Amino acid sequence: WKDLTSSLAPRFTQANLVILPKEQAFDFLRFCLANPKPCPLIEVTDPGSPEPIQTARGADLRVDVPRYRVYRDGKLVAEPFNILPYWQENLVSFLLGCSFTFERALLEAGLPVRGLEENGKFSAYITNIACTPIGIFHGPLVVTMRPMTPAQAIKAVQITSRFSSSHGAPIHIGDPNEIG
């Protein structure tokens with residue numbers, strides 16, 4: 001599979017993947033714990049292991065993701081379909097919950113999911129809300145916007161609050177300018 005995964009696995013938890021050297025892993029773990037809304041931690045692998053044993057036994061995080069983004073010194077250097085050439089024995093993988101997890105529940109409630117309406121194109125926005133910094137990890141909270149009527153937003157809160165391991169309820173409802 002080489003395409004977006006939005007709505008691909010209804011009723012299953014979808015995840016984003018972060019892979020870091022062991023030397024940075026503990027601070028990133030602490031960053032996730034301090035910032036559970038933007039970084040809802042699902043699983044952390046052992047150093048060198050590409051298999052998420054608790055959530056996807058038998059999977060290989062080096063080859064089972066449709067596309068990867070490889071960064072060096074904060075700069076995007078590659079977007080390969082597998083990361084076998086980049087893999088090292090000191091790497092630790094973090095699976096973070098993804099809002100794609102609750103799309104089916106929103107659709108079944110008759111709520112719009114703009115990203116699906118626009119062929120999987122979800123817009124991310126940088127807010128003026130700072131994440132709690134830990135070590136080298138810091139920055140503003142990034143959100144997706146889901147335009148809805150007030151009644152739809154209330155229904156969406158009721159639904160998404162059940163998915164705390166996939167970002168959960170919105171962090172803001174109302175004028176987006178209030179959060180940047």
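Hi everyone, this is a short look at one sheet, the helix on it and the nonpolar cores of this structure.

We have a predicted model, where local features need pLDDT of at least 70 and side-chain atom pairs count only at pLDDT 80 or more, while totals for chains, interfaces and linings use all residues. Residues are numbered from 1 along each chain as its sequence is written, and side-chain values use heavy atoms, with hydrogens and water left out.

Let's start with the sheet. It is open, with 3 strands in the order 1-5-2 and antiparallel pairing; strands here are DSSP E runs of at least two residues, helices H or I runs of at least four, both numbered from the N terminus, and two strands pair if DSSP finds at least two bridges between them. Strand 1 (15-21) and strand 2 (41-44) each have a single partner strand, so each edge strand has one side without a neighbour in the sheet. Between strand 2 and strand 5 there are 3 bridges, and Leu41 sits opposite Leu96 in strand 5.

Helix 1 packs on this sheet and touches strand 1, strand 2 and strand 5, contact meaning heavy atoms within 4.5 Å.

Now the cores: sets of buried Ala, Val, Leu, Ile, Met, Phe, Trp, Tyr and Cys joined through side-chain atoms within 4.5 Å, buried being under 20% relative accessible area with a 1.4 Å probe, protein chains only. The largest has 15 residues, and Phe28, Phe31 and Phe94 have the most contacts inside it. Helix 1 (22-34), strand 5 (91-97) and strand 7 (140-144) each supply at least two of its residues, with the largest share, 4 residues, from helix 1.

Methods. Buried means under 20% relative accessible area, exposed over 50%, partly exposed in between (1.4 Å probe, protein chains only). Axes are lines fitted to C-alpha atoms, for helices over the stretch in contact, and angles run from 0 to 180 degrees between N-to-C directions.
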